[in-house]
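Good morning, colleagues. I should like to take you through one structure today, and I ask you to keep it in view while I speak.

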Amino acid sequence: MNKEAKKYVEGYKAFLAKGKTERRAYAAAVELLEKAGFRDIKGVKRLKAGDKIYRGYHGKTLFAAVVGKAGTAAGVRVVGGHTDAPRLDLKPKPIYEKGGIVFFDTHIYGGIKKYQWLVLPLALYGTVVKKDGKRVEIAIGDDPSDPVFMISDILPHFGKEQLEKKAKDLVAAEDLDVISGLGKVEEALKDRYGIEKDDLMSAELEIVPAGAPRDVGLDRSLVAAYGHDDRVCAYAGLAALLDVSRAKGAPARTCAVVLCDKEEIGSVGASGMDSSFFENTVAELIDREGGGVRDIDVRRALEASQMLSADVCAASDPHYTDSDSIGNESHLGKGPCVIKYTGPATKSGANDARAEFIAALRGVLDGAKVTWQMGELGRAEKGGGGTIAKFMARFGMDVIDFGTPLLNMHAPWELASAEDCWNTKRAYQAFFAASEGALKID
Ligand code: MN
Ligand code: MN
């Protein structure tokens, strides 16, 4: 890898270490944006070409853009990824004692293999909101002086019966509870954070793996981290947009990124992409660019937009090739992967990008000499998955899934090729930098 690529991957690793939850990834992204001169749209009355703004929602979902010469009404080039990741959420009344051990009762968020979360050092992150609206930020487990948390498992000597079970039944979801101490847990929360037990009812506390990203392999060709899905694409989009903002002159089209929440549970909720956030934000931009906005202008802008649904895909694992769509599988180290459709065997629930858009994209990527690959998510009838693509496609815009391949996706530690991380950023950069004509589809 060249120097620039190495520097990029180090920046990405720092972002991962900081942004272990959607709220923290949001804060880390806003920090980078503000450093590059982006302003919160709230304080901006008028927008013109070249202006750099962001709009946040609930401190979780983020939109950032550089206004293009053609104006936002002409459509947006958007790279959209998500910053939430599978984890264990604390229940509203999480603290209980059993057999002399104090536990945090948890609720699974997103698709996990439960057994992978046993016997790992875990961290606790989140926000507690007191009755008076005061927020208390919690971050325990990643500072070397911090304690960590852990979910226990039965010792092998007595695990015979357990090992006869199906892997999915190895541990019940209700038993996936985290050891938080042997005694004075409530007192410690009060002493250290000024939090009463009842304050935990108005809180969002998340259990995530403790530890920073690590290089993997003697050649350091891989990165192990919690939450590559989908911070690897979200960060790549952000980095590509920062490049746009640093370039001389405004881009031809408005270039934007969306770093959204709730993808892992179906893009639901006000901060998920099945909300009005994106269209409202486009309306906010058009309003500031022209003064007064008609509904039809927003609809036209949405329909004329083009999007890369920046989400990870499953790399072929040589020991599990029975999950691959042989000949259409993606591989580590071969660049980000374009996925025309996700969904299960019948394509139900899929965004099926049109050939014309893929053709234009091929031209752009090859023109910029980006390493990329084309594939399917996995073998038909083996399973499937979805992204935010279909929620954006409903506006009539062209959308395609395009992101970094991962090994052990959704595990506490996921693996990505460092080179692929870099090429993902380069791909999004090429999309933003493409000429008007290159992405024009008749
Ligand atoms: Mn994802
Ligand atoms: Mn996922």
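In which sense do S19 and S20 pair, and over how many bridges? The model before you is a predicted one, and in it S19 and S20 pair in the antiparallel sense, over two bridges. They form a hairpin with six residues between them. Within that turn, Asn408 has a positive phi of about 40°.

S20 has a further partner. Strand S12, residues 222-225, pairs with S20 over four bridges, again in the antiparallel sense. Please look at Ala416 in S20: Ala416 is the bridge partner of Leu406, and Ala416 is also the bridge partner of Val223. As for the side chains of S20, Glu414 and Ala416 point one way, Leu415 and Ser417 point the other way, and all of these are buried.

I now turn to the metal site. Manganese ion ligand 2 has as its protein donors Asp229 through OD, Glu264 through two OE entries, and His410 through NE2, lying 2.1 to 2.6 Å from the ion. In sequence, the spacing of these donor residues is D-x34-E-x145-H. Distant parts of the chain are linked here: Asp229 belongs to helix H5, residues 228-246, and His410 to the loop between strand S19 (405-407) and strand S20 (414-417), 181 residues apart. Asp229 and His410 are both buried.

Which residue bridges the manganese ion ligand 2 and the manganese ion ligand 1? Asp229 does so, and the two ions lie 3.3 Å apart.

Manganese ion ligand 1 is coordinated by His82 through NE2, by Asp229 through OD, and by Asp311 through two OD entries, at 2.2 to 2.6 Å. Here the donor spacing in sequence reads H-x146-D-x81-D. This site, too, links distant parts of the chain, with His82 in strand S4 (residues 76-82) and Asp311 in the loop between strand S14 (306-309) and strand S15 (313-314), 229 residues apart. Because buried means under 20% relative accessible area, His82 counts as buried at 1%, and Asp311 does so at 7%.

Finally, let us move to the surface. Ile154, Leu155 and Phe158 make a nonpolar surface patch of about 300 Å². Leu155 is found in the loop between strand S8 (135-140) and helix H3 (160-164). With a relative accessible area of 37%, Leu155 is partly exposed.

Thank you for your attention.

Terms used
Residues numbered from 1 in each chain as written. Chains lettered and ligands numbered in written order. Predicted model: local features only at pLDDT ≥ 70, side-chain atom pairs only at ≥ 80, totals over all residues. Heavy atoms only, no water. Donors = N, O, S within 2.8 Å, 3.2 Å for Na, K, Ca; no water. Buried < 20%, exposed > 50% of the residue type's maximum accessible area, 1.4 Å probe, protein only. Patch = residues over 30% accessible without salt bridge, like charges linked within 9 Å, V, L, I, M, F, W, Y side chains within 5 Å. Areas by Shrake-Rupley, 256 points an atom, 1.4 Å probe, with all protein chains shown as cover. Salt bridge = Lys/Arg side-chain N within 4 Å of Asp/Glu carboxyl O. Pairing = 2+ DSSP bridges.
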